[in-house]
Amino acid sequence: MCNLRPTCFLLIHAFLVSWLAGEIRTPAIIGNHMVLQQNHPNPIWGWDLPEQSIEVTISGQNHKTVANSQGYWRVALRPMKASNSPQEMIIQGSSQIKYQNILIGEVWLCSGQSNMGWSLGQADDKDLESMSAKFPNLRLISVPQVGTQDPQNDFNGKWEETTPESAINFSAVGYLFGRRLHQILDVPIGLIDNAWGGSACEAWIPRDRLNQLAVAKPYLETWRKTEAEFDFEKLQVAYEKNMKAWKAKASIRKEGIALKRKPRAPRNQLTGQRRPANLYNGMLTPIIGYGIKGAIWYQGESNTGRGHAYREVFPLMIQSWRDAWQQGDFSFYWVQLADYMNEAPEPSTEQTWPELREAQTFTLNKLKNVGEAVIIDVGEGRNVHPRNKQIVANRLVRSALAKDYGREIPHQSPRYQSMEIKGNKIILTFDHVGEGLYCFDIPEAKGFAICGEDQDFVWAKAKLLGRGKVEVWAQSIKKPIAVRYGWADNPVCNLYRRDGSVTLPMTPFRTDDFAMITFGQ
């Protein structure tokens with residue numbers, strides 16, 4: 001069932017009504033104003049009467065099929081080139097559907113948690129951004145937040161042209177990413193927003209895949225216990241009782257006497273955004289198969305306590321999506337976590353965000369066609385949602401332009417490659433340094449820590465050597481064994497790659513493999 005989600009019942013009701021009436025229909029992802037992926041055999045699917053003949057016509061193409069015994073049908077369009085000329089699609093079955101104003105271009109999925117869902121209206125310069133959002137060939141669609149263990153086949157939503165009104169509530173990172181591509185490539189762009197704030201990575205992965213992953217066992221066991229014991233109806237009854245008592249006291253409260261805080265309605269954890277597979281079933285399955293170029297992803301804050309497991313959970317999520325889409329290794333670019341919370345006065349080994357960032361970076365070596373946008377310089381210590389979404393989108397779009405569209409532009413942050421111990425100093429070598437490394441704001445490199453065999457890190461001095469090397473040392477460490485950079489929830493670090501006026505921050509790293517504090521979580 002749908003775990004009491006009203007949207008689920010509405011979708012089921014709509015399906016039954018249309019099925020009994022003999023009306024052909026398609027999911028919401030297919031409709032007026034949609035963008036079809038260029039140079040791709042785009043699937044078009046829907047439902048009608050069982051054994052009903054179906055015919056789909058668009059742009060000189062004609063495809064015929066027959067609905068199966070459950071009424072499901074599907075065709076694949078022949079690849080088409082990008083076009084700004086609106087097309088019409090006619091689908092004929094027991095009834096007829098006409099979809100208009102269809103464009104052919106590039107389609108990107110925008111997913112993750114709140115930093116992806118954060119709207120344009122919550123970002124920096126929201127007034128300027130929204131007033132200038134006038135791009136009729138940049139199309140937007142949002143998937144509602146539905147959490148369920150039962151795979152959904154549709155959702156309530158529709159494609160829209162970009163206007164100030166439609167853009168203001170759309171994902172800021174998604175919109176700004178798509179706008180850049182639209183302006184640079186001069187082709188239609190379609191953006192699918194299906195983010196949910198506070199979502200766990202495990203919620204975006206099918207249950208059967210998670211069950212096979214050893215590091216996911218602790219999280220799954222916790223949820224099995226919750227699923228067995230959680231009683232939402234009981235909580236709801238208690239809430240209504242407390243609310244009734246609160247209202248009664250409020251009605252007779254004397255002036256000057258404080259009233260206790262209003263009772264808070266309970267949340268149904270079983271339909272929420274952290275339960276394993278909930279969002280895969282509720283928000284992803286309705287769009288799986290729709291032709292896309294790739295996906296951008298901004299998530300991780302909800303997994304910081306499980307950074308060690310994220311090394312395997314995150315790649316599994318990407319692979320499970322690719323396997324389900326059956327579209328090969330489509331491009332997948334993510335945002336590494338920004339700096340957040342309080343600065344550490346001393347080098348810390350007891351903070352979890354660095355371990356999550358490391359897990360994100362490790363994914364670069366595990367899968368093909370992936371990329372990482374490092375934003376360790378963008379965060380706000382008191383706000384988990386950095387408002388400068390423009391920089392975030394720009395760094396994501398660099399990967400897409402370089403890897404998908406053949407533009408020769410800087411797109412990778414410097415990354416640690418190797419180390420060499422020389423006396424009381426360690427020489428670090430980096431790749432992806434462009435024209436060379438650069439210290440921002442002040443001449444000295446900040447953010448390095450070094451340790452000896454006691455594994456007690458201290459702040460280190462650093463000197464740039466040549467194009468891609470850094471020498472690190474500390475007076476108190478005579479026999480160094482390891483170095484860390486940017487290894488804190490909110491580090492102070494200032495090393496960049498420089499290519500003319502383009503600067504990309506150094507990827508936080510450590511040279512050691514000391515025990516992780518999130519191991520086993």
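This short talk walks through two cysteines, one helix and one strand of the structure shown above, which is a predicted model.

Let me begin with the cysteines. A disulfide is a covalent bond between the sulfur atoms of two cysteines, and when the whole structure is searched for such bonds, zero are found. Why is Cys 110 not bonded to Cys 201? The closest cysteine sulfur to that of Cys 110 belongs to Cys 201, and because the two sulfurs are 17 Å apart, they are too far from each other for a bond, given that a disulfide needs the sulfur atoms within 2.5 Å. Cys 201, for its part, is in no disulfide either, since its nearest cysteine sulfur is that of Cys 110. As for their surroundings, Cys 110 counts as buried, with a relative accessibility of 0%, and Cys 201 is also buried, its relative accessible area being 0%.

Cys 110 leads us to strand 11, where its bridge partner is Ile 296. Strand 7, covering residues 96–112, pairs with strand 11 in the parallel sense, and five bridges hold that pairing. Strand 11 also runs parallel to strand 12, residues 331–335, to which it is joined by four bridges, and there Trp 297 stands opposite Trp 334. To get from strand 11 to strand 12 the chain passes through helix 10, residues 307–325, in a β-α-β crossover that is right-handed.

How buried or exposed is strand 11, residues 294–298? Five of its five residues are buried, so the strand is largely enclosed by the rest of the structure. In a regular strand the side chains alternate between the two faces of the sheet. Here both faces are covered, with Gly 294, Ile 296 and Tyr 298 buried on one side, and Ala 295 and Trp 297 buried on the other.

Finally, please look at helix 5, which comprises the 14 residues 172–185 and reaches 20 Å from its first C-alpha to its last, close to the 20 Å expected at 1.5 Å a residue. Eleven of those 14 residues are buried, so helix 5, too, is largely enclosed by the rest of the structure; among the buried ones are Tyr 175, Phe 177, Arg 179 and His 182. The two ends of the helix also deserve a glance. At the N-terminal end, Ser 171 acts as a cap, with a side-chain oxygen 2.9 Å from the backbone nitrogen of Gly 174, while just after the helix Asp 186 takes a positive phi of about 60 degrees.

Definitions and conventions:
Residues are numbered from 1 along each chain as its sequence is written. This is a predicted model: local features need pLDDT of at least 70, side-chain atom pairs count only at pLDDT 80 or more; totals for chains, interfaces and linings use all residues. Side-chain values use heavy atoms; hydrogens and water are left out. Buried means under 20% relative accessible area, exposed over 50%, partly exposed in between (1.4 Å probe, protein chains only). Helices (H or I, at least four residues) and strands (E, at least two) are DSSP runs, numbered from the N terminus. The expected span of a helix is 1.5 Å times one less than its number of residues. A polar contact is a pair of N or O atoms within 3.5 Å; within protein, one must be able to donate a hydrogen and the other to accept it, and residues adjacent in sequence count only if both atoms are side-chain atoms. Two strands pair if DSSP finds at least two bridges between them. A crossover is right-handed if, with the strands pointing away from the viewer, the path from the first strand over the helix to the second runs clockwise.
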